[in-house]
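The exercises below are to be worked with the sequence and the 3D model in view. Each task is followed by a solution in steps.

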Amino acid sequence: MKDYVSFPVYDGNEINENIEKLQNLLEQTGIEIHYVKTNDSLFEKLNLGLLQFSWDDDVLQKKMKRNAGRKSKLSNYTYILEDVQNKVKEQGADATAKELGLSRSRFYGRLKKAKESGSYYF
């Protein structure tokens, strides 16, 4: 699930250059930066825009781990939750779990976690 936070910033001559520098710094963290011009009259008067930081909590958690331990047969975030749910409807949960290389209990655990967190990915 994507979250974001916005901050008003002065729309000066160097705004695009500074945003590019920030984007390069945060590229590996999974945080995206966008500069948004608004139609708000106060913002236009003060020559302001919004600097918006957006991220996906699931991706951030994955990137912040130290990558220790056994590697998963199924790499995380490769399947869209809706696609997995459609496969379950078509062929059943057991067959879907087997196709993905997961045990039945692990498959149900991941499915439950993805639904509870509101994640787009399985």
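The term pLDDT denotes the predictor's confidence in each residue, on a scale from 0 to 100. Helices (H or I, at least four residues) and strands (E, at least two) are DSSP runs, numbered from the N terminus. The model is a predicted one, in which local features need pLDDT of at least 70 and side-chain atom pairs count only at pLDDT 80 or more, whereas totals for chains, interfaces and linings use all residues. Residues are numbered from 1 along each chain as its sequence is written, and side-chain values use heavy atoms, with hydrogens and water left out.

**Exercise 1. Determine where in the protein chain confidence is lowest and where it is highest.**

Solution. Step one: the mean pLDDT of the protein chain is 84, and 93% of its residues reach 70 or more. Step two: the lowest confidence belongs to α3, with a mean of 78, and the highest to helix α4 (residues 81-91), with 92.

**Exercise 2. Establish the strand order of the open sheet and the pairing of its strands.**

Solution. Step one: two strands pair if DSSP finds at least two bridges between them. Step two: the open sheet has three strands in the order β1-β3-β2, paired antiparallel. Its edge strands, each pairing on one side only, are β1 (2-10) and β2 (32-36). From one strand to the next the twist averages 25°, where axes are lines fitted to C-alpha atoms, for helices over the stretch in contact, and angles run from 0 to 180 degrees between N-to-C directions.

Step three: β1 is joined to the antiparallel strand β3 (residues 48-56) by nine bridges. Y10 has L48 of β3 as its bridge partner, and Y4 has S54. Antiparallel pairing of β2 with β3 extends over five bridges; V36 stands opposite L50 in β3.

**Exercise 3. Identify which strands helix α1 touches, and decide how far β3 is enclosed.**

Solution. Step one: contact means heavy atoms within 4.5 Å. Step two: helix α1 (residues 15-26) packs on the sheet and touches β1, β2 and β3, its direction making about 165° with that of β2. Helix α3 (residues 57-64) lies across β1 and β3, at about 65° to β3.

Step three: a residue is buried under 20% relative accessible area, exposed over 50%, and partly exposed in between (1.4 Å probe, protein chains only). Seven of the nine residues of β3 are buried, so this strand is largely enclosed by the rest of the structure.

**Exercise 4. Explain why the buried residues of α6 line one face of the helix.**

Solution. Step one: F107, R110, L111 and A114 are the buried residues in α6. Step two: seen down the axis of α6, the buried residues fall within an arc of 100° (taken from the directions from the helix axis to the C-beta atoms), so they line one face. An α-helix has 3.6 residues a turn, so residues three or four places apart point the same way. Step three: these buried residues of α6 pack against α4 and α5 (93-100), while S105, K112, K113 and E116 are exposed on the other side of α6.

**Exercise 5. Describe the backbone and the exposure of N47.**

Solution. Step one: N47 is found in the loop between α2 (41-45) and β3. Step two: phi of N47 is near 60°, a positive value in a residue other than glycine. Most residues other than glycine have a negative phi. Step three: N47 counts as partly exposed, at 29% relative accessibility.
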